Amino acid sequence: SVGQGETLDSLAGLLGMSSEHKAVFSQVAKNNFSEIFSSENVSSQQVVASLKNVMSRNEELARYSSMM
């Protein structure tokens, strides 16, 4: 993935994340990209479930995973 994180920033905003948590979210999502997007044919439901799982394992982001 190439970009400046605009999509991740928008998603973080929709989840109501603070600025400090947006940066953590972006890094965690980028670091776990291959887990979140496990195949070329991954469904949106699978992406949400994987992202929620990744977030729930992070102390700072776990509170937001329940909002998904």
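This passage describes the fold, helices, core and selected residues of a predicted model.

The protein chain contains five helices and zero strands. From the N terminus on, its elements therefore read α-α-α-α-α. The radius of gyration is 11 Å, close to the 11 Å that the globule rule gives for 68 residues, so the chain is as compact as a globular protein of that length. Along its principal axes, the C-alpha trace spans about 30 × 25 × 20 Å. Buried residues account for 32% of the 68 residues. Contacts across the sequence were also examined. Among those between residues at least 6 apart in sequence, 43% join residues at least 24 apart.

Helix α2 covers residues 19-31. At 1.5 Å a residue, its 13 residues should span 18 Å. The end C-alpha atoms of α2 are 19 Å apart, which agrees. Several residues of α2 are buried: H21, V24, F25, S26, V28 and A29. Their cover includes α1 (6-14), α3, α4 and α5.

Helix α4, residues 44-56, also has 13 residues. From its first C-alpha to its last it reaches 18 Å, close to the 18 Å expected at 1.5 Å a residue. The buried residues of α4 are V47, S50, L51, V54 and M55. They cover an arc of only 135 degrees around the axis, which puts them on the same side of α4. An α-helix has 3.6 residues a turn, so residues three or four places apart point the same way. What covers the buried residues of α4 includes α1, α2, α3 and α5.

The largest nonpolar core holds 15 residues. Which of them touch the most other members? They are M17, F25, I36, M55 and L61. Helices α2 and α4 each supply at least two residues of this core. F25 is among the buried residues of α2, and M55 is among those of α4. I36 belongs to the core as well. Leaving aside neighbours within four places in sequence, I36 is in contact with A29, V42, V47, S50, L51 and V54. Of these partners, A29 is a buried residue of α2. V47, S50, L51 and V54 are buried residues of α4.

S50 is found in helix α4. Is this serine buried or exposed? At 18% relative accessibility, S50 counts as buried, because the cut-off for that class is under 20%. Not counting residues up to four places away in sequence, S50 touches E35 and I36. One of these two partners, E35, also takes part in a salt bridge.

A search of the whole structure finds one salt bridge. In it, the side chains of R57 and E35 meet at 3.0 Å, N to O. The pair links distant parts of the chain, 22 residues apart. R57 lies in the loop between α4 (44-56) and α5 (62-65). E35 lies in helix α3, residues 33-36. At 30% relative accessibility, E35 counts as partly exposed.

Three further serines were examined. S56 has its place in helix α4. At 38% relative accessibility, S56 counts as partly exposed. Leaving aside neighbours within four places in sequence, S56 is in contact with A62 and S65. Helix α5 spans residues 62-65. The C-alpha atoms of S56 and M17 are separated by 14 Å, and these residues are 39 residues apart along the chain. M17 is one of the core residues that touch the most other members.

S34 has its place in helix α3. At 59% relative accessibility, S34 counts as exposed, because that class begins over 50%. S34 and L11 are 23 residues apart in sequence and 18 Å apart in space, C-alpha to C-alpha.

S10 has its place in helix α1. At 46% relative accessibility, S10 counts as partly exposed. The C-alpha atoms of S10 and K22 are separated by 9.3 Å, with their positions 12 residues apart along the chain counted as their distance apart.

Methods
Residues numbered from 1 in each chain as written. Predicted model: local features only at pLDDT ≥ 70, side-chain atom pairs only at ≥ 80, totals over all residues. Heavy atoms only, no water. Salt bridge = Lys/Arg side-chain N within 4 Å of Asp/Glu carboxyl O. Helix = DSSP H or I, 4+ residues; strand = E, 2+ residues; numbered from the N terminus. Buried < 20%, exposed > 50% of the residue type's maximum accessible area, 1.4 Å probe, protein only. Contact = heavy atoms within 4.5 Å. Core = buried A, V, L, I, M, F, W, Y, C linked by side-chain atoms within 4.5 Å. Expected span 1.5 Å × (residues − 1). Arc of directions from axis to C-beta. Rg over C-alpha atoms; globule rule 2.2 N^0.38 Å.
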